[in-house]
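Trainee: I've got a protein model open and I'm not sure how to read it. Could you walk me through some features?

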Amino acid sequence: MTDAPRGPRPTDPLIALRPWEAPEVTSWGRLPMNAVDRRSGALPLDGDWRFQLLPTPDAPVGGSWSTAHVPGVWTMQGTDDLPQYLNVRMPFPDFPPNSPAANPTGVYERAVDVPAEWAGRRIVLQVGAAESVLLVHVDGRPAGISKDSHLAAEFDLTGLVSAGAPSVVRLTVVKWSDASHIEDQDQWWHGGITRSVLLYATDPLHLADVTVRTSRDGSLRVDCRVRDAGGALPEGWYVSGELDGLALTQDAEFDRFNREDERVSDFLGEARLRTVVESVRTWNAETPELYDLTVRLHRADGTVADTSRQRIGFRDVEISGRELLVNGERIFVRGVNRHDFHPLTGRTVSYDDMRADLVTLKRFGFNAIRTSHYPGDPALYDLADELGFYVVDEADIESHDHAHEIADDPRYLNAFVDRVARMVLRDKNHPSVIVWSLGNESDYGANHDAAAGWLRRHDPTRPVQYEGAAKLDWAAAGDATDIACPMYAPLEECVAHALSGRQTKPLIWCEYSHAMGNSNGTLADHWAAIESTPGLQGGFIWEFWDHGILQRVNDGRPVGRGGAGLYDNGVAAPGHRWAYGGDFGEADHDGAFIADGVVFPDRTPKPAMYEHREIAAPVRIECFRHEGIVLGNHQHFRGLDWLAGQWELSLADGRTLTAPAELPDLRPGQTAAVPLPFQLPEDGGEAWLTLRVTTAGDEPWAPRGTVVCVPQVRLRRAAPRPALAVPNRSVEVDDEGLLVHPLLTAAPALSLWRAPTDNDELGGMAPRWRDWGLDALVRKVAEVRRSEGRVTVHAEYACAAGVVRHVQVLTAVEGGIHVAESAELPEELNDVARVGSVFETVAGLDLMEWFGQGPWESYPDRAFGAPVGHHAVPVDELFTPYLRPQESGGRHGVRHFTLSAPDATGLSVVLDEPRQVGVSRYRAADLTAVAHHDELVPRAGCVVHIDAAHRGLGTASCGPDTTASCLVTPGVHRWSWTLRAL
Ligand code: GAL
Ligand code: MG
């Protein structure tokens with residue numbers, strides 16, 4: 001390694017320009033963006049670079065060097081500049097376009113040995129992504145400037161480096177700038193280089209860009225732009241192309257037209273290739289068929305000067321009326337918003353991680369991604385093409401805190417157009433990209449229209465969306481969106497809009513069903529409406545990840561890249577936790593609002609994912625008629641041949657019968673009746689038929705046998721229960737009228753409280769519940785009446801909002817105690833979390849087995865994906881470790897359950913009807929008292945909740961609450977259950 005050159009000094013032209021406070025300067029010396037993939041054959045420059053962090057961009061370089069890994073943000077690599085989480089608010093008070101004087105600036109430097117065989121070639125440096133301003137120097141000489149933190153910047157270094165000799169490349173990354181104001185996305189703030197850096201060489205005569213246009217009829221057009229680094233193009237060059245080995249045809253007419261019209265000067269080289277593929281295999285998210293396209297640029301002697309390879313797909317996207325069509329089909333958009341996130345790197349996501357993200361999504365029924373709120377790594381789009389996702393590709397523009405000022409500010413005009421254009425120029429050839437997005441939460445102004453104008457001219461083949469330009473307001477819809485893509489608009493409003501007769505654009509929520517904590521209530525209601533209402537086509541759940549950064553508890557530092565293995569199943573290893581806003585000592589932060597994904601920070605799926613998987617089921621049980629079961633294919637392009645099935649019959653008496661299932665040969669949209677696979681036994685009580693659907697063979701995203709969905713139908717209702725015999729035995733209660741039972745350490749009492757979910761807190765319910773005092777009800781026994789084999793206890797639970805009368809009738813029955821309860825809630829308690837009983841058991845009961853919905857967590861408004869059956873889960877695993885502890889682990893529709901020790905002793909509870917049951921190691925108060933999962937201390941016994949009514953989860957942390965039918969209302973609630981020893 002050669003000695004570091006001195007500087008850049010304040011006299012350095014790049015520093016002197018102060019580009020971090022000049023929004024008009026989007027780049028200097030940066031090459032135009034293009035779609036030619038240069039990754040293969042390049043010299044990777046990833047790895048350790050020497051590094052120093054300056055307090056300001058113009059501070060002298062010269063202190064001591066440490067090391068930083070590239071790609072990687074310095075905020076996760078041991079510096080004192082730590083991550084900060086803010087949603088809307090900017091992390092500094094300066095107005096756009098200004099940035100604060102204290103402005104951490106990272107200087108990355110390394111020697112690069114330019115290969116000797118690159119002599120005479122054009123040498124280009126590519127920096128995958130750097131936030132937020134990148135300055136490039138080579139051997140102390142300025143090479144370029146770039147902004148736009150989530151797209152690559154390329155610089156022609158040909159005149160600055162020498163083949164066969166080392167050069168020192170310095171990348172200076174300024175954290176805060178005018179550009180920060182348009183990168184105000186809801187995520188952690190970091191600083192650094194977040195994507196790979198590489199160096200590549202081309203012939204001076206090179207492919208400057210390749211633009212592919214395809215259609216589902218098999219037609220292909222490839223437009224090639226050729227440049228020569230020497231200036232004018234040499235005579236006689238030409239391009240050739242191959243698609244899966246078959247030669248493409250030169251478009252002679254295009255050439256003639258260019259010549260005759262003198263459209264093309266000596267400096268501009270353009271060529272067009274064409275073909276029509278017979279019996280083309282079209283691309284869609286279900287069957288993502290790809291073809292290999294190779295384009296070669298030839299010198300006059302026929303030798304190859306440059307090659308571009310890409311995988312392309314044949315498909316059409318169009319909007320017809322208020323329908324978004326892919327290959328003529330009104331697809332459903334089962335989407336999720338995806339940020340670049342990783343708990344160890346903060347922002348850098350490897351190829352394997354991206355693949356794992358998409359594989360997880362595929363396995364849970366998602367078919368679409370919005371790249372919220374900036375373009376992803378190039379590999380993400382390759383993977384989306386390959387695995388099958390519809391992508392809404394979003395430009396890196398969010399000016400949330402200063403949205404109104406910036407949308408019409410001409411100083412930012414260039415940046416808006418630049419960011420949209422560069423995204424389109426890079427990603428235009430991906431079949432997965434079906435919609436362009438102008439960005440997020442930046443109000444709506446002339447700068448958007450300018451970007452949309454450029455885009456529509458450049459790529460007329462795809463629709464454009466921008467939430468800020470339309471909302472639901474069809475009359476005022478601007479020119480900048482072809483899709484009404486509201487965020488969190490209530491379902492009823494969207495349905496009303498679709499039924500109004502005035503809808504002019506497809507409605508696809510850009511964000512809905514906010515997944516913060518224990519959430520995603522009413523997801524099934526949304527999809528029932530989407531699938532039955534023309535004009536509604538789906539949406540993107542907010543969001544994929546919980547952005548919890550793995551943090552050491554003792555020193556509060558991010559663990560960083562070395563932390564693999566320090567987490568499992570959604571939980572950080574002892575001594576560690578998932579940090580959210582405020583955990584790095586930030587003075588200003590937005591707390592746990594950053595933990596709002598459908599997967600934990602280690603990509604473990606939350607229970608909501610199973611709900612989604614079932615909602616997206618490709619094959620469904622339509623109904624049960626006397627002649628059999630009607631199955632339907634709910635896909636848009638695929639048959640059922642990739643699926644295998646098994647029937648299961650679950651009987652309330654404990655039996656589960658299985659039989660192989662033969663799936664009928666159904667085209668999309670078709671249904672067929674299949675015979676009932678079982679003779680329903682006369683006895684056995686309530687009966688449920690489940691079709692367990694798995695992959696029949698290996699899919700690129702799932703090995704053979706992966707569960708795809710578990711549709712089910714009830715074949716028989718529960719029989720009325722016989723009256724329980726009352727044996728001649730007494731029931732023991734203490735002086736307070738509380739049940740005394742050898743298996744219980746706390747007797748059944750009334751509960752109206754749950755550890756508030758994030759939705760409860762941010763939706764304003766929990767503060768109300770606290771004001772009412774529901775978290776600290778004061779019980780007073782009013783009367784204890786004893787008769788033979790029966791005790792009736794009248795109690796009053798007092799809170800600030802009134803008194804709840806509670807009656808418990810405890811009756812000795814065969815083998816146990818029957819508990820019949822009622823609670824009368826005064827009118828003031830018009831919306832509470834639950835009405836039910838809570839009790840605690842002795843230690844050692846480690847296994848819960850139940851007949852009801854499961855096996856995963858379910859709640860009244862998130863129970864569609866939890867089939868009724870016989871389930872068994874260790875008590876410790878019932879709990880879902882949401883980052884901020886809250887109500888969790890509930891099971892919906894439980895008919896009866898047991899809690900048992902390894903020696904099969906324990907207790908059983910039979911419920912009067914399917915109820916919400918929660919079994920946990922924690923009291924609601926334990927969960928409420930702490931801020932992070934690692935602070936919880938599990939109890940030895942079980943805390944058991946049996947609810948007469950339990951409030952739905954809704955999504956009120958950002959968006960609509962649960963539906964009226966899932967609220968717990970005042971009046972009399974009755975429930976009963978029978979407790980027995982096993
Ligand atoms: C939206 C925004 C997202 C995120 C979400 C709440 O308003 O577009 O970036 O902030 O709300 O989690
Ligand atoms: Mg925002």
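Mentor: Sure, we'll go through the metal site, the ligand, a few helices and some unusual backbone spots. Keep in mind that this is a predicted model.

Trainee: Let's start with the metal. Which residues coordinate the magnesium ion (ligand 2)?

Mentor: To read a metal site, look for the atoms that hold the ion. Here Glu398 and Glu441 each use OE, and His400 uses ND1, at 2.0 to 2.1 Å from the magnesium ion (ligand 2).

Trainee: How are those donor residues spaced in sequence?

Mentor: The pattern is E-x1-H-x40-E. One pair links distant parts of the chain: histidine 400 and glutamate 441 are 41 residues apart. Histidine 400 is in the loop between strand S28 (390–394) and helix H5 (403–407), while glutamate 441 is in the loop between strand S29 (433–437) and helix H7 (446–458).

Trainee: Is histidine 400 buried or exposed?

Mentor: Neither label fits, because its relative accessible area is 22%, so histidine 400 counts as partly exposed. The cut-off for buried is under 20%.

Trainee: Now the other ligand. Which residues come nearest to ligand 1?

Mentor: With a ligand, list its neighbours, then check for polar atoms facing each other. Of the 13 residues around ligand 1, the nearest are Asp186, His373, Glu441, Glu511 and His514. You've met Glu441 already, as a donor to the magnesium ion (ligand 2). For polar atoms, aspartate 186 has a side-chain one 2.5 Å from an oxygen atom of ligand 1. Asparagine 440 places a polar side-chain atom 2.9 Å from an oxygen atom of ligand 1, and for tryptophan 542 that distance is 3.0 Å.

Trainee: How much of ligand 1 does the protein bury?

Mentor: The protein buries 95% of the 310 Å² that ligand 1 exposes when taken alone.

Trainee: On to helices. What should I look for?

Mentor: Ask where the buried residues sit around the axis. Take helix H8 (residues 491–499), whose buried residues are Leu491, Cys494, His497 and Ala498. Those residues are on the same side of H8, because they cover an arc of only 125 degrees around the axis. Glu492 and Leu499, on the other side of H8, are exposed.

Trainee: What do the buried residues of H8 pack against?

Mentor: They pack against strand S31 (507–512), helix H9 (523–532) and strand S32 (536–541). After H8 comes glycine 501, with a positive phi near 80 degrees.

Trainee: Where are the buried residues of helix H12 (residues 765–772)?

Mentor: They are Met765, Ala766, Trp769 and Trp772. Their arc is only 120 degrees around the axis, so they lie on the same side of H12. Their cover includes helix H11 (758–762) and strand S47 (790–799).

Trainee: And how many residues of helix H4 (residues 378–387) are buried?

Mentor: Seven of the 10 residues are, so H4 is largely enclosed by the rest of the structure. The buried ones include Tyr381 and Asp385. Among the elements covering them are strand S22 (304–312), helix H3 (351–363) and helix H6 (413–427).

Trainee: What caps the N-terminal end of H4?

Mentor: Aspartate 377 does, with a side-chain oxygen 2.9 Å from the backbone nitrogen of alanine 379. H4 is followed by glycine 388, whose phi is positive, near 95 degrees.

Trainee: What about charged side chains? Is arginine 170 buried or exposed?

Mentor: Check the area, then look for a partner. Arginine 170 is buried, because its relative accessible area is 4%. Arginine 170 sits in strand S12 (residues 166–174), and its side chain makes a polar contact with the side chain of glutamate 109 (2.6 Å).

Trainee: Last topic: what counts as an unusual backbone?

Mentor: Most residues other than glycine have a negative phi, and most peptide bonds are trans. Now look at arginine 18, which has a positive phi of about 45 degrees. Arginine 18 is in the loop between helix H1 (13–16) and strand S1 (27–28). Glutamate 441 also has a positive phi, near 40 degrees.

Trainee: Which peptide bonds are cis?

Mentor: One joins proline 96 and proline 97, with omega about 10 degrees. Proline 97 lies in the loop between strand S6 (84–86) and strand S7 (105–113). Another runs from glutamate 131 to serine 132, with omega near 5 degrees.

Conventions:
Residues are numbered from 1 along each chain as its sequence is written. Chains are lettered from A and ligands numbered from 1 in the order in which they are written. This is a predicted model: local features need pLDDT of at least 70, side-chain atom pairs count only at pLDDT 80 or more; totals for chains, interfaces and linings use all residues. Side-chain values use heavy atoms; hydrogens and water are left out. Donors are N, O and S atoms within 2.8 Å of the metal (3.2 Å for Na, K and Ca); water is not among the atoms, so sites may look incomplete. Helices (H or I, at least four residues) and strands (E, at least two) are DSSP runs, numbered from the N terminus. Buried means under 20% relative accessible area, exposed over 50%, partly exposed in between (1.4 Å probe, protein chains only). The arc is that of the directions from the helix axis to the C-beta atoms. Contact means heavy atoms within 4.5 Å. A residue is near a molecule or strand if one of its heavy atoms lies within 4 Å of it. A polar contact is a pair of N or O atoms within 3.5 Å; within protein, one must be able to donate a hydrogen and the other to accept it, and residues adjacent in sequence count only if both atoms are side-chain atoms. Accessible areas come from the Shrake-Rupley method with a 1.4 Å probe; for residues, only the protein chains shown count as cover.
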